[in-house]
Amino acid sequence: MGERPLSSAPMLNFTEEDVLGTMPEPLCTHGINRLDQKILFSVVNVPLSLSAVLGNALVMIALYEVTTLRPPYKLLLSCLASTDLCVGLTTQPLFTVLLWTQEHSTPCFMLKLIAHIMATIFGGVSLATLSAISIDRLVALLLGVRYRQVVTLRKVQICVTSFWFLGVAIAILYFYHFLLPLVITAILMLLFIVSSTFCYSKIYCTLSKVKNDIYPGEPRRISVHCPQFTGRYRKTVSSTLCIQVSLVLCYLPYGTLVIVFAITGIQSPSLNFAWAVAVTLVFFNSTLNPFLYCWKNREVKQAVKEKISHMCFFTR
């Protein structure tokens, strides 16, 4: 009877250490023990979180009121803004709280689990949506006037819903093994980034050929005067391209560290610090996207300005 607690305690300690030791994502705060580093990441992430919430909320309201954008494309942008809003509202504050939570404790473990689940869902949906936006722009270019018949709001709704189901399914895997969803996330991240890069490369190559009237040895398949080559379309492509570039720059360190850990399993204070930097860059993408919407889209920018003016008027 007296030996049962002795046999169960080591098993419990081993399980907790094993679980905590297999959490290598940037949201894991293991190794961030220096006070100056905690203060640094807190000072950076708190204002980024607030700006992400405010900026994406304004963009979502503006998108709701803008009527010039096609509903399928507006839905994709709204989905992207909503995921960025959720990052600033939940995942980023959790990361900041984890910096000040005692490691290898029950609160730390639970917060890490919740943060991983939210990061996987919102980050996964954001990546998938950005890839869908790039595909949407390429399809609009290639199909021309047939685009409105092929890409419908119903199809985009099904596509967006599937993104959320996929994110939730991957997040559930954290209850069974922490490394498996990391590997799946890294693979999907690579696929989404590659597909988006291919789509935008194809778009700009086609636009360049049409602009310079270069089609040697083959008939022209796309008319220069079709709606897809208007100034509005060029601005739309430019806007989504800026979002894509920011995504690659912000997610590249994160994806690199995921691959490095999955292959080597190495953990060190410098690598843990790099994790915190990489995840802060991912959060920065959620803050940056609203400014890209307003900067490149005149209708959205005007709607945001009107909302800010109304807010300032009512606060007086």
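Q: About how many helical turns separate Tyr251 and Tyr254 in helix H8?
A: In this predicted model, we can work from the spacing along the helix. Tyr251 and Tyr254 are three residues apart in helix H8. Because of that spacing, the separation between them is about one helical turn.

Q: Which kind of aromatic pair do Tyr251 and Tyr254 form?
A: The whole structure holds four aromatic pairs. In the one formed by Tyr251 and Tyr254, the centres are 6.2 Å apart and the planes meet at 80 degrees. Planes over 60 degrees apart count as edge-to-face, so the pair of Tyr251 and Tyr254 is edge-to-face.

Q: Are Tyr251 and Tyr254 buried or exposed?
A: Both rings belong to residues of helix H8. As for their surroundings, Tyr251 and Tyr254 are each buried.

Q: Which residue has a side chain joined to that of Ser246 by a polar contact?
A: Ser246 sits in helix H8, which covers residues 231-264. Setting aside residues up to four places away in sequence, Ser246 touches Asn285, Leu288, Asn289 and Leu292. A polar contact of 3.3 Å links the side chain of Ser246 to that of one of them, Asn285.

Q: Is Ser246 buried or exposed?
A: The relative accessible area of Ser246 is 5%. Buried means under 20%, so Ser246 is buried.

Q: How many disulfides does a search of the whole structure find?
A: A disulfide is a covalent bond between the sulfur atoms of two cysteines. Take Cys86 to start with: its closest cysteine sulfur, in Cys79, is 9.5 Å away, so the two are too far for a bond. For Cys159 the closest cysteine sulfur is in Cys79 as well, at 9.0 Å, and again too far for a bond. Across the whole structure, the number of disulfides found is zero.

Q: What is the relative accessible area of Cys159?
A: Let's look at the exposure of two cysteines. Cys86 counts as partly exposed at 22% relative accessibility. Cys159 is also partly exposed, and its relative accessible area is 29%.

Q: Which residue lies over the face of Tyr73?
A: Here the clue is the distance to the ring centre. A residue sits over the face of Tyr73 at 4.4 Å from that centre, and this residue is Arg137.

Q: In which helix is the place of Thr280?
A: Thr280 is buried, with a relative accessible area of 9%. Beyond residues up to four places away in sequence, Thr280 touches Phe41, Val44, Asn45, Leu48 and Phe95. Its own place, within residues 269-296, is in helix H9.

Q: What distance separates the C-alpha atoms of Phe41 and Ala276?
A: Phe41 belongs to helix H2 (residues 35-65) and is buried at 5% relative accessible area. Apart from neighbours within four places in sequence, Phe41 is in contact with Phe95, Leu99, Phe273, Ala276, Val277 and Thr280. Phe41 and Ala276 are 235 residues apart along the chain, yet the distance between their C-alpha atoms is 7.7 Å.

Q: How many helices does the protein chain have?
A: Following the sequence, the pattern reads α-α-α-α-α-α-α-α-α-α. There are zero strands, and the helix count is 10.

Q: What percentage of the residues in the protein chain is buried?
A: The accessible surface of the protein chain is about 16,600 Å², with 71% of it belonging to carbon and sulfur atoms. Among contacts with a separation of 6 or more, 82% are between residues 24 or more positions apart. Of the 316 residues in the protein chain, the buried share is 46%.

Terms used:
Residues numbered from 1 in each chain as written. Predicted model: local features only at pLDDT ≥ 70, side-chain atom pairs only at ≥ 80, totals over all residues. Heavy atoms only, no water. Helix = DSSP H or I, 4+ residues; strand = E, 2+ residues; numbered from the N terminus. Buried < 20%, exposed > 50% of the residue type's maximum accessible area, 1.4 Å probe, protein only. Polar contact = N/O pair within 3.5 Å; in protein donor to acceptor, adjacent residues only side chain to side chain. Contact = heavy atoms within 4.5 Å. Disulfide = S-S within 2.5 Å. Phe/Tyr/Trp six-rings, centres within 6.5 Å; stacked < 30°, edge-to-face > 60°. Lys NZ or Arg CZ within 6 Å of the ring centre and 35° of its normal. Areas by Shrake-Rupley, 256 points an atom, 1.4 Å probe, with all protein chains shown as cover.
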